[in-house]
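Me: I'd like to work through this protein with you, one step at a time. Can we start from the overall fold and then zoom in?

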Amino acid sequence: MADDMFFTKDGRALRRGRRISPRTETCRPCLLSVADDPETQFPGVVMDMSPYGMRVRMIEAFPQGAIVTVQMMRDEEYAVPLSDPVQATVARVVPDDTGFMDHGVRILQKVARRAEARPVRPRKETQAAPARTTRMYTMDVTLGERRRGRSGR
């Protein structure tokens, strides 16, 4: 797998693969359609995927650089969609040993736009409630009226 570590050609250094993030192996049915003809859909199987791309195995071959829509399906009859379709670009097409075509597709990342900030209105200064005047009471309380001390009186 291209995510693994490998030795350089001279055999002196160990290097990591060039992927942005490692791919997760899956075996998920999907339908692919070319952006020019969205009505015609071709069945395929997603072999592995990452947030940035996936490898799709199918019988047909799409041209390199074609913009496709990938719809992952929940069932093998291609009847129930699993999620929203994603737009992707075919990065490479490699024939498989079994006669299928492996398509490396790069998912087109949608640019998230920041919502326009609403103007901040200054809060109206509310007049503070007038401070209540407090009255201080002094109270002189002696409990039990007994004296305690050395004299014992």
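**Strands, barrel and one ring pair**

Reply: Sure, and keep in mind that this is a predicted model. The protein chain has 0 helices and 8 strands. Read along the sequence, that gives the pattern β-β-β-β-β-β-β-β.

Me: In what order do the 6 strands close into a barrel?

Reply: The pairing in this barrel is antiparallel. Neighbouring strands are turned by 45° against each other on average, ignoring direction. Going around, the order is E3-E4-E5-E8-E7-E6.

Me: Which residue in E8 is the bridge partner of Arg55?

Reply: Let's find the two strands. E5 covers residues 53-58 and E8 covers residues 101-107, and they pair in the antiparallel sense over 6 bridges. Across from Arg55, the partner in E8 is Gly104.

Me: Now E6. Which residue of E6 does Leu31 stand opposite?

Reply: Strand E3 spans residues 24-34, and 5 bridges join it to E6, running antiparallel. Leu31 faces a residue of E6, and that one is Gln71.

Me: And which residue in E7 stands opposite Thr69?

Reply: E6 is also joined to strand E7 (residues 86-95), this time by 4 bridges, again antiparallel. The residue in E7 opposite Thr69 is Gln87.

Me: How many of the 6 residues of E6 are buried?

Reply: A residue counts as buried when its relative accessible area is under 20%. E6 is largely enclosed by the rest of the structure, because the number of its residues that pass is 5 of the 6.

Me: What about the chain as a whole: what share of the 153 residues is buried?

Reply: For the surface, the protein chain exposes about 13,600 Å², with carbon and sulfur atoms supplying 52% of it. As for the buried residues, their share of the 153 is 23%.

Me: Which kind of aromatic pair do Phe42 and Phe62 form?

Reply: The count of aromatic pairs here comes to 1. The ring centres of Phe42 and Phe62 are 5.3 Å apart, and their planes sit at 80°. Planes over 60 degrees apart get a particular label, so this pair is edge-to-face.

Me: How many residues apart in sequence are the parts this pair ties together?

Reply: Phe42 lies in strand E4 (residues 37-49), while Phe62 lies in the loop between E5 and strand E6 (67-72). So the pair ties together parts whose separation in sequence is 20 residues.

Me: Last one: is Phe62 buried or exposed?

Reply: Its partner Phe42 is partly exposed, with a relative accessible area of 23%. Phe62 has a relative accessible area of 7%. The cut-off is under 20%, so Phe62 is buried.

Conventions: Residues numbered from 1 in each chain as written. Predicted model: local features only at pLDDT ≥ 70, side-chain atom pairs only at ≥ 80, totals over all residues. Heavy atoms only, no water. Pairing = 2+ DSSP bridges. Axes fitted to C-alpha atoms, helices over the stretch in contact; angles between N-to-C directions. Buried < 20%, exposed > 50% of the residue type's maximum accessible area, 1.4 Å probe, protein only. Areas by Shrake-Rupley, 256 points an atom, 1.4 Å probe, with all protein chains shown as cover. Phe/Tyr/Trp six-rings, centres within 6.5 Å; stacked < 30°, edge-to-face > 60°.
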